[in-house]
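Open the structure in your viewer and keep the selection tool handy. We will go from stop to stop, and at each one you will hear what to select and what to look for there.

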Amino acid sequence: MAKANRQGAFHNGQYRNLLQEYGYSELDIDARILECWQQLFGDSPDTRIYYEADDNMGYMLDTGNLDVRTEGMSYGMMMAVQMDRQDIFDRLWRWTMAYMFIEQGPNAGYFAWSCQPDGTRNSDGPAPDGEEFFALALLFASHRWGDRAEAPFNYSKRARRLLHACIHKGENNDGFPMWNPTNKLIKFIPNCEFTDPSYHLPHFYALFALWSDPKDQSFWMEAALASRQYLVASCHPATGLAPEYAYYDGTPNNERGFGHFYSDSYRVAANLGVDSLWFGTEPPLADIAERILTFFSDKNPADYRRYSIAGEPFEEQALHPVGLIATNAAAALAASDSEHARQAVELFWQTPLRTGERRYYDNCLYLLSLLALSGRYRIWHPQRG
């Protein structure tokens with residue numbers, strides 16, 4: 001059993017730099033972070049995923065599908081606030097509000113999950129993983145840089161309005177909430193009753209419980225507890241692997257072929273790592289991280305596959321192997337110091353960013369994992385004074 005880390009930065013103000021603990025120098029770590037940021041947000045044609053647009057906007061391009069997703073936009077905003085780049089943050093937020101924000105209909109108050117790079121919507125429906133990242137990125141922006149009077153840069157007001165919609169939609173027959181009001185679990189999409197384990201971010205919800213509307217704070221505390229329990233239920237007891245889609249009892253939902261360990265599932269490992277970095281890790285979650293690291297310890301990244309959650313490989317190769325390497329490394333934050341943890345971090349350090357058309361998802365997970373492993377993925381509290 002993994003030794004639980006019962007302290008986290010929220011409690012003691014100390015952000016673990018696991019890369020430094022494992023022998024990498026501060027100079028090398030800082031250089032890697034800056035290089036990674038520049039490769040994603042600069043002009044490198046082989047690695048960039050951020051593009052500027054007219055009217056002082058910018059967007060994150062899904063280079064494999066040639067669209068812009070709330071997933072990527074919200075990831076980009078979180079990266080920007082962690083890197084203290086308000087200029088990039090505001091460009092992304094302008095684009096998001098201009099093209100993705102839904103003002104009418106049952107999804108009013110949410111964001112359209114996919115648009116073309118010119119802003120034309122591919123869908124009028126939302127994906128809750130974008131909304132939860134938008135909300136916390138906006139709260140961090142408010143705390144780090146301060147709210148501005150002009151919309152949409154009244155960051156905290158926008159965040160609270162979004163969080164209110166996420167749990168209160170449907171009370172007036174105006175659509176559907178993103179969290180099930182009874183079991184407090186996040187849904188895959190609002191008008192369904194199943195979930196995606198990789199959407200579960202209890203460390204976000206614990207912060208929403210501090211900074212959301214006062215009447216909603218108890219809901220978010222319950223949601224944090226429910227999601228931590230749900231991760232234990234949905235991750236396989238031997239391998240630690242989670243399915244992409246799952247029912248509320250944690251069993252895989254394979255009705256559309258998404259009941260196995262594949263691209264979405266990779267994020268569970270990284271989420272465990274950030275939860276540990278911020279709030280410490282209780283033994284059941286630490287054990288999941290240990291099992292994931294153990295499962296992949298003898299796997300060749302060139303032969304990563306789709307797997308059943310019990311670990312049986314399918315013929316289908318992994319679509320995002322670099323992303324899987326990155327998230328497994330982040331899981332080491334939640335695990336005990338072991339050969340498998342060090343092996344995963346070393347593999348990540350030796351792996352460059354992905355190039356080519358499928359680079360978007362891998363490289364998002366890469367930078368977020370790098371920030372976590374270096375202690376640069378931080379909670380930004382309200383400023384005092």
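Start by selecting Asp249, which at 53% relative accessibility counts as exposed, where exposed means over 50% relative accessible area, buried under 20% and partly exposed in between, with a 1.4 Å probe and protein chains only. Before you go on, note that this is a predicted model, in which local features need pLDDT of at least 70, side-chain atom pairs count only at pLDDT 80 or more, and totals for chains, interfaces and linings use all residues. Residues are numbered from 1 along each chain as its sequence is written, and side-chain values use heavy atoms, with hydrogens and water left out.

**Stop 1: the loop between H9 and H10**

Asp249 lies in the loop between H9 and H10; helices here are DSSP runs (H or I, at least four residues; strands are E, at least two), numbered from the N terminus. Leaving aside neighbours within four places in sequence, Asp249 is in contact with Tyr230 and Ala233, contact meaning heavy atoms within 4.5 Å. Now add Asn300 to the selection: Asp249 and Asn300 are 51 residues apart in sequence, and their C-alpha atoms are 32 Å apart in space.

Next, pick Ser263, also placed in the loop between H9 and H10. Is Ser263 buried or exposed? With 10% relative accessibility, Ser263 counts as buried. Its contacts, again without neighbours within four places in sequence, are Glu244, Leu319, His320 and Tyr361.

**Stop 2: helix H8**

Select residues 202-211, which make up helix H8. How many residues of H8 are buried? The count is 9 of 10, so H8 is mostly covered. The buried residues are Pro202, His203, Phe204, Tyr205, Ala206, Leu207, Phe208, Ala209 and Trp211. To see what covers them, show the helices around H8, including H1 (9-12), H4 (70-82), H6, H7 (155-168), H9 (217-234) and H10 (266-279).

**Stop 3: aromatic rings**

A search of the whole structure finds 40 aromatic pairs. Rings of Phe, Tyr and Trp (its six-membered ring) pair if their centres lie within 6.5 Å; planes under 30 degrees apart count as stacked, over 60 as edge-to-face and the rest as tilted. Select Tyr51 and Tyr59 for a stacked pair, with 5.9 Å centre to centre and 20° between the planes. Tyr51 and Tyr59 are both buried.

Then return to H8 and show Phe204 and Phe208. Their ring centres are 6.4 Å apart and their planes are at 75°, so this pair is edge-to-face. Phe204 and Phe208 sit 4 residues apart in H8, about one turn of the helix. An α-helix has 3.6 residues a turn, so residues three or four places apart point the same way. Phe204 is buried at 0% relative accessibility, and Phe208 is buried at 0% as well.

Widen the selection to Tyr75, Phe133, Phe140, Trp179, Phe204, Tyr205, Phe208, Trp211, Phe219, Trp220, Trp278 and Tyr377, which form one aromatic cluster.

**Stop 4: helix pairs**

Two packed helices are described by the angle between their axes and the distance between the axes. Axes are lines fitted to C-alpha atoms, for helices over the stretch in contact, and angles run from 0 to 180 degrees between N-to-C directions. Angles under 35 degrees count as roughly parallel, over 145 as roughly antiparallel, 65 to 115 as roughly perpendicular and the rest as oblique.

Select H4 and H14, which pack at about 30° with axes 11 Å apart. These two helices are therefore roughly parallel. Their crossing is left-handed, meaning that the near helix is turned anticlockwise from the far one by less than a right angle (right-handed if clockwise). On the H4 side, show Glu71, Gly72, Tyr75, Met78, Met79 and Gln82; they meet Tyr360, Tyr361, Cys364, Leu367, Leu368 and Leu371 in H14. This contact has 9 nonpolar, 2 polar and 1 charged residues; Ala, Val, Leu, Ile, Met, Phe, Trp, Tyr, Cys and Pro count as nonpolar, Asp, Glu, Lys and Arg as charged, and the others, Gly among them, as polar.

Keep H14 (residues 359-373) and add H12 (residues 321-331): their axes come within 8 Å and cross at roughly 20°. H12 and H14 are therefore roughly parallel too, and their crossing is left-handed.

Finish with H5 (residues 86-100) and H6 (residues 128-145), whose axes are 12 Å apart at an angle of about 140°. That makes H5 oblique to H6. In H5, Gln86, Phe89, Trp93 and Thr96 meet Phe134, Ala137, Leu138, Ala141 and Trp145 in H6, a contact with 7 nonpolar, 2 polar and no charged residues.
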